[in-house]
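Shall we walk through this protein chain together, one question at a time? Have a look at it first.

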Amino acid sequence: MDVGTLILLFLGGCAGGLLAGLLGVGGGLVFVVIFTNYLTALGVPDSKIAQLIIANSMVAIFFAGTSGSIKHYLNGHFYFKPVIISGFFAALSSVATTYIINHTSWYNKQLFSVIFISITIYIAYRIFAGSSGKDVNAGEEKFSLVKLMQIGALGGTLAALSGVGGGIIMVPMLIKMLNIQIKKATAISLGIITVMALVSSVYSMLINPKINMNIAHSYGLIVFPMVIPVVAGSVICSPFGVTLSKIIPERTVQILFGAFLLLVTLNMIYNLWL
C-alpha cells in the first residue's frame, strides 16, 4: 500500500469518527464509501463486494463507537441500561440478518434502498420542520423494556442491511419513543452501536466467508490493511465529535443530523443509478 492511500484511509477514519461522536451514527456512511473505493481499486467484483464492505464497516464502527462512548462515560453521559438492553437486541438482529443475507437469496438491495430512502427523507423532513425533538422534556422520559428492545432490533437489522450503523434510525426512535433530547439520544445510540458492532465484527472474523477474496492479510471477511488506518483515525477523532456535541446547541445538532440523513439519502440514490 502506498503512503497516499494510507493517508486517505486515515483521514476517512477521522471523518467517520468525528461524525460518530457528534451524531451517534457510528460513521458508517463514510466507512462504506472509503471501503467501496478501496475494494473496487483492488479489483474485487461487484457481486462479492457487499459482504466485505459491511463487515469491515462494522469493525470501524465498533472502534469509533468505543472511543466516543468512553468519552461520554468520562463526561458522565453514558447510559448503561438502555445501551445494554438495546445493544443486546441490536446485536442479535444484526447477526441474524447478516446470516440470512449470506445464506439466502431473498435480499434485494434495490428494494431495500427505495424503502430506506423513503424513511430517511421523511425523518429529515420532520427534523428540518422542527417537529423532531422540539417538545422533548415537556413530559416525563418514557423508558421501557419493550421500547428498548424494538429500537435495538430495528437498528441492528438496518445496520446489517446497509452497513451504516443503524444510528440514523435509532436516534429519531429514541427521541420519539423515549421522549429524550437529541444529545442524550446520540449518546445512547453510539453505545448501542458499539455493542452491536462488536458482536457483528467477531461474527465476520470467525465465519468462513462464502466468497474467495484472495486479498493479502485478511481474516474471515476482515481486510486488515484497509481497516486498520481507518480505525486509527476514527479512534482519535470520535472523542472530538463528542466534545463538539456538548458545545453546540440542541437545534444545531438536530440540523446537522438532518443534513447527514440527506447525505445518506443522496448517496443511496446515486448508488441506485450505478
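Below are some questions about this chain, each with a short answer.

This is a predicted model, where local features need pLDDT of at least 70 and side-chain atom pairs count only at pLDDT 80 or more, while totals for chains, interfaces and linings use all residues. Residues are numbered from 1 along each chain as its sequence is written, and side-chain values use heavy atoms, with hydrogens and water left out.

Q: How many helices and strands does the chain hold?
A: Helices (H or I, at least four residues) and strands (E, at least two) are DSSP runs, numbered from the N terminus. Starting from that end, the order is α-α-α-α-α-α-α-α-β-β-α-α. That comes to 10 helices and 2 strands.

Q: What percentage of the residues in the chain is buried?
A: Buried means under 20% relative accessible area, exposed over 50%, and partly exposed in between (1.4 Å probe, protein chains only). The chain has 274 residues, and the buried share of them is 51%.

Q: Is T186 buried or exposed?
A: You will find T186 in helix α8, which spans residues 182–206. Contact means heavy atoms within 4.5 Å, and beyond its neighbours within four places in sequence T186 is in contact with L22, L23, G24 and V171. Its relative accessible area is 3%, so T186 is buried.

Q: How many residues of helix α7 are buried?
A: Helix α7 covers residues 167–178 and has 12 residues. Among its buried members are G167, I168, V171 and L178. The helix is mostly covered, and its buried count is 10.

Q: Which residue follows α7 with a positive phi?
A: Look just past the end of α7 for a phi near 60°. The residue there is N179.

Q: Which residues touch the most other members of the largest nonpolar core?
A: A nonpolar core is a set of buried Ala, Val, Leu, Ile, Met, Phe, Trp, Tyr and Cys residues joined through side-chain atoms within 4.5 Å. The largest one here has 68 residues, and α3 gives the largest share, 10 residues. The members that touch the most others are F35, L39, I168 and F257.

Q: Which residues of α7 does F257 touch?
A: Leaving out residues up to four places away in sequence, F257 touches residues including L23, V25, I127 and I182. Helix α7 runs over residues 167–178. Within that stretch, F257 touches G167, I168, V171 and P172.

Q: Why do C14 and C237 form no bond?
A: A disulfide is a covalent bond between the sulfur atoms of two cysteines. Here, a disulfide is a pair of cysteine sulfur atoms within 2.5 Å, and the structure holds 0 of them. C14 is buried at 14% relative accessibility, and C237 is buried at 15%. The closest cysteine sulfur to that of C14 is in C237, too far for a bond because the distance is 3.4 Å.

Q: Which helix supplies the largest share of the nonpolar patch?
A: Patches are made of residues with over 30% relative accessible area and no salt bridge (a side-chain nitrogen of Lys or Arg within 4 Å of a carboxyl oxygen of Asp or Glu), with like charges joined within 9 Å and nonpolar side chains (Val, Leu, Ile, Met, Phe, Trp, Tyr) within 5 Å. I70, Y73, L74, F80 and I84 form this one, with about 570 Å² of accessible area together (Shrake-Rupley method, 1.4 Å probe; for residues, only the protein chains shown count as cover). Helices α3 (46–74) and α4 (80–103) each supply at least two of its residues. The largest share, 3 residues, comes from α3.
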